[in-house]
Amino acid sequence: MHDDRDLVEARLKRVLDERIRPAIYPESVPLEVAVWHAPGEPVPVAEGLAAEPGPIAVGQAWGAPWGTSWFTVTGTVPMEWSGRIVEAILDLGFDENMPGFQCEGLVYRPDGTPVKGLNPRNQWVRVGSPAEGGERVRLHVEAASNPVILDYHPFLPTRMGDKETAGTDPLYRLARMDLAVFDQTVWELVMDLEVLGELMLELPVDGARRWELLRALERALDAVDLQDVGGTAAAARAELTGVLSSPAVPSAHRISAVGHAHIDSAWLWPLRETVRKVARTTSNMTALLEDEPDFVFAMSQAQQWAWVKEHRPEVWAKVTKAVAAGRFVPAGGMWVESDTNMPGSEAMARQFVHGKRFFIDEFGVDNEEVWLPDTFGFAAGLPQIIKAAGAKRLLTQKISWSQTNRFPHHTFLWEGIDGTRIFTHFPPVDTYNCSMRGRELAHAARNFKDKGVARHSLAPTGWGDGGGGTTREMVAKAARVRDLEGSPKVAWETPAEFFAKAEAEYPHPPVWVGELYLELHRGTLTSQAKTKQGNRRSEALLREAELWSATAAVRAGVDYPYERLDRIWKTVLLHQFHDILPGSSIAWVHREARRTYELVAEELNAIIGDAQDALAAGQATGLCFNGSPHARLGVPAGGAASARVRPATCTERAGGGYVLEGPLLRAEIDARGLVVSLRDLETGREAVAPGRAANLLQLHPDFPNKWDAWDVDAFYRNTVTDLTEADRVISDGGRVEIRRSFGSSTVTQWISLDEGRLDIETEVDWHETEKILKLAFPLDVRADRYASESQYGHVFRPTHTNTSWEAAKFEACNHRFVHVEEPGWGVALVTDSTYGHDVTRDVDGTGTTTTLRASLLRAPRFPDPETDQGVHRFRHGLVPNASIGDAVREGYFVNQPVRAGSGAAEVVEPLVAVDDDAVVVSAVKLADDRSGDVIVRCYESRGGRARATLRAGFPVAEVVTTDLLERPTGEPQRPGDGIPVTLRPFELVTLRMKRA
Ligand SMILES: [Zn+2]
């Protein structure tokens, strides 16, 4: 037979595009349209409905950037359409390729009931089914003219990312506002042709099935009368029933389709817009659930559920009904889909506490699946936190974005720093926005790395990022590939149903140990420094606010601020969303975040002040509160006393510069303001590498190929400028001040000694573009690996680049410290706010040098063209002769400095004390259930075994271990003289103490 494959395939495409799809709506009449443009920010629904609209016609421009326009459409269903399905087609001027990234709408009935959302792939509203004819139609559309930020030519700097700079020129042109007849049979034919045509293109050309599909499609096209598509569609469909009913082969890959709309809680839109995005998507999904009995939809991020509850009660009622039916599924159990690299230990835990508690309180749902499809890498402390929250499974697909290495598994056990293993699945479809296209399904089956031993994968299905969700077309396609020869078998299932099957078929999956490092988006550890500092400061203040409030409640009977702390925690957790804390949102989001963090700090400082005043009882002075988990300057951890400060001296250095000397350290700062020597006086050992200088600021060009705020590409290192010239180096007798200028920026540093730590405060007035600023510390230490603090412990990474996996980790995350050591002697670099860092090695005649560099600032121009412009302050400390334990302790100290208080009390005894410094108390608080019980969480911080005794500074009736949600996990014990705590490496434990 002659090979006419190309001819028939091309025919299918043209006939579908130009004749059959247009015949879905064979007849239409225009609707009358009027519009009211809300003058500022979005208004309540009642106000939008009540406003007096003015004229607008199809074809006219509308929509200033970030504006809201209320369209009213009215019309009458023609009498001759009686008995036919009628839909309103409302095209606000969509570009069909970018659902969620442009204008959107929510349709309401005149009584204010939301009907469904409008987006480029969902422009229809069912009017009658079937219509009577003569019906009056009146609908209202709350349309948001959100600008396109990530355009077809992406990553160009734009001022559209903030309402304050976006201008007022209208962005959209009203395209179509019609009532139309919907021809169900033609639409079904389109679905048949798309599914079979897409499947055909994925099949091998030398296989019989491909040709069977080709011939069947050809017969179907022959059956269509192009002048009467509606009249011949049924005959065309009949030609396809044979190939559509041929079942899948027994070994076919199984795909659990989970209806989904990934909705970024803020990104290329502000937080307030996400509230509306969630309303639009949930309206659509509850409507689709009503129409499609097999369909299942999962939504993560308790915060987004809470927004629906607060802002759209009618939608919430539909959602709760669908949840009760098991078809609208709460997924994930976190407050938001947060970043997992940067959130501190307690914050990561609270993401689960608040997320799970919301789903439990609202629906009685305590799910075991963690849903993080889009987060930029996964810290190795996470498995233990997931388990402690009562979950046991993780889903993400983001590691498929890695630039260098292909991850070897799609289903595996992920082992964290403490040995906890979590059953983990990476959907091989490689997207969280699957749309049921043949190419996606075939890719999932081909790509699946665990073939032969496993057969199931999950496909999150629906438009995402900016929301939208699943469409009726996706549901129709899924129905056709339920059991179809040549295709994977697809069924709508909940995440839990998928995981149960995946676990059952794969009892001994492979194990991946340590972090799931994303080999991309490394710049997110540094971009938007103030957002990151706001997070770190808020976490530290929350720790203190809980500690001192609990102490004041137990000791002084002061009311514990449950509601305020709950609200502040949720605010801080929201801002850990995977485009806010990472610094990858538009200017508007980060401008608001800076202000929010200021308010959070103000309120937390007030809470801390009130508690400390109650504890200090009076007006005398000299009392210092130590909120860190280790004793400091004679002040016990979690207590207050007068501090014993041992001052350092500052003298002039021969040859220029200054010498700082204290009881433990001696530092030499040369005339350039660089630290040329840092000697540990106990051992006499020098920390700075021979011939090198620490506290060296280094400036690199930083213009990645894509994703400006997200990525720092490896080639940034090829060019570097050392900022060694100082405008001045002076001393006030206690500390050394250095001032430099470079480019359009200036930097001032203050160097001082604080017990065993060289303290460096850096203030940068930053006015560079597309540069990265690093603070370097070349150390006389030879080490193959170094430690970075992570949640409830630390991770080791290599200092070398033997393999592509190691080379790819050229920028990584730390919390409060990085630490490098030779046996018995190490150095820690601690920080109060930076996360990004790199560690490299160098060998010369004198041995191996290990260089630690903190990343201070970047200056990408997309999506915020003014990223990080202005004044920033950072604090770093270099600690020679530091063990990991010293690094943990000093890391806490720079983040939780001792607070001077005033009061008559000479000392305030800690509420809890532990007799082993390896056991760190990470939280002291009152129980969330308001029983008055004291909750103490602690962990082994050094990677070893610990046996410690915890002593409560109040009478304890009984103590019980709990999970993160403070639910008992063991039997209550009556404590004797102290509570024994035995911990494995990095193990965390939560104790609940009932007060006697
Ligand atoms: Zn996302």
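How many bridges join β36 to β43, and in which sense do the two strands run? The tour of this predicted model begins with that pair and then moves outward through the sheet.

**First stop: the sheet around β36**

Select strand β36, residues 771–779. The answer to the opening question is that 8 bridges join β36 to β43, and the two strands run antiparallel. To locate the pairing, display P778 and then T851, its bridge partner in β43. Strand β36 is mostly covered, for 8 of its 9 residues are buried.

Next, add strand β30, residues 696–701. This strand is joined to β36 by 6 bridges, again in the antiparallel sense. A convenient landmark here is Q698, which stands opposite K774 in β36.

Now select strand β42 (residues 836–844) together with strand β43 (residues 847–858). They pair over 8 bridges in the antiparallel sense. Within this pairing, V839 has L852 of β43 as its bridge partner.

With these strands displayed, the whole sheet can be traced. It is an open sheet of 6 strands, in the order β31-β30-β36-β43-β42-β39, with antiparallel pairing. Select 721–723 for β31 and 812–813 for β39 to see the edge strands, each of which pairs on one side only. As general background, strands of a sheet pair through backbone hydrogen bonds, either parallel or antiparallel.

**Second stop: the loop after β43**

Proceed to the loop between β43 and β44 (870–880), where P863 lies. Display the backbone from F862 to P863: the peptide bond between them is cis, with omega near 5°.

The loop between β43 and β44 also contains D868. This residue has a positive phi of about 65°, although it is not a glycine. In general, most residues other than glycine have a negative phi, and most peptide bonds are trans. Is D868 buried or exposed? Its relative accessibility is 5%, so D868 counts as buried.

**Third stop: D465**

Select D465, in the loop between β20 (456–461) and α13 (472–480). D465 is not a glycine, yet its phi is positive, at about 75°. The residue is buried, with a relative accessible area of 10%.

**Fourth stop: strands β26, β27 and β28**

Select strand β27, residues 665–669. Because 4 of its 5 residues are buried, the strand is largely enclosed by the rest of the structure.

Add strand β26, residues 658–661, which is joined to β27 by 4 bridges and runs antiparallel to it. The bridge partner of E661 is R666 in β27. Together, β26 and β27 form a hairpin with 3 residues between them.

Then add strand β28, residues 675–680, which pairs with β27 in the antiparallel sense over 5 bridges. I669 stands opposite V675 in β28. These two strands, β27 and β28, form a hairpin with 5 residues between them. In the turn, select G673, whose phi is positive at about 80°.

**Fifth stop: helices α15 and α17**

Display helix α15 (residues 529–556) with helix α17 (residues 587–616). The two pack at an angle of about 20°, and their axes are 8 Å apart. Why is α15 described as roughly parallel to α17? The angle is about 20°, and angles under 35 degrees count as roughly parallel; therefore α15 is roughly parallel to α17. The crossing of α15 past α17 is left-handed. Colour the residues of this contact by type: they divide into 16 nonpolar, 9 polar and 4 charged.

**Sixth stop: A444 and I255**

Select A444, which lies in helix α12 (residues 438–447). A444 counts as buried, at 1% relative accessibility. Now add I255 and draw a distance between the two C-alpha atoms: they are separated by 8.3 Å, while the residues are 189 apart along the chain.

**Last stop: cysteines**

Finally, select C103, which is buried with a relative accessible area of 0%. Then select C624, which is also buried, with a relative accessible area of 14%. How many disulfides does the structure hold? The structure holds 0 disulfides.

Conventions. Residues are numbered from 1 along each chain as its sequence is written. This is a predicted model: local features need pLDDT of at least 70, side-chain atom pairs count only at pLDDT 80 or more; totals for chains, interfaces and linings use all residues. Side-chain values use heavy atoms; hydrogens and water are left out. Axes are lines fitted to C-alpha atoms, for helices over the stretch in contact, and angles run from 0 to 180 degrees between N-to-C directions. Angles under 35 degrees count as roughly parallel, over 145 as roughly antiparallel, 65 to 115 as roughly perpendicular and the rest as oblique. A crossing is left-handed if the near helix is turned anticlockwise from the far one by less than a right angle, and right-handed if clockwise. Ala, Val, Leu, Ile, Met, Phe, Trp, Tyr, Cys and Pro count as nonpolar, Asp, Glu, Lys and Arg as charged, and the others, Gly among them, as polar. A disulfide is a pair of cysteine sulfur atoms within 2.5 Å. Buried means under 20% relative accessible area, exposed over 50%, partly exposed in between (1.4 Å probe, protein chains only). Two strands pair if DSSP finds at least two bridges between them.
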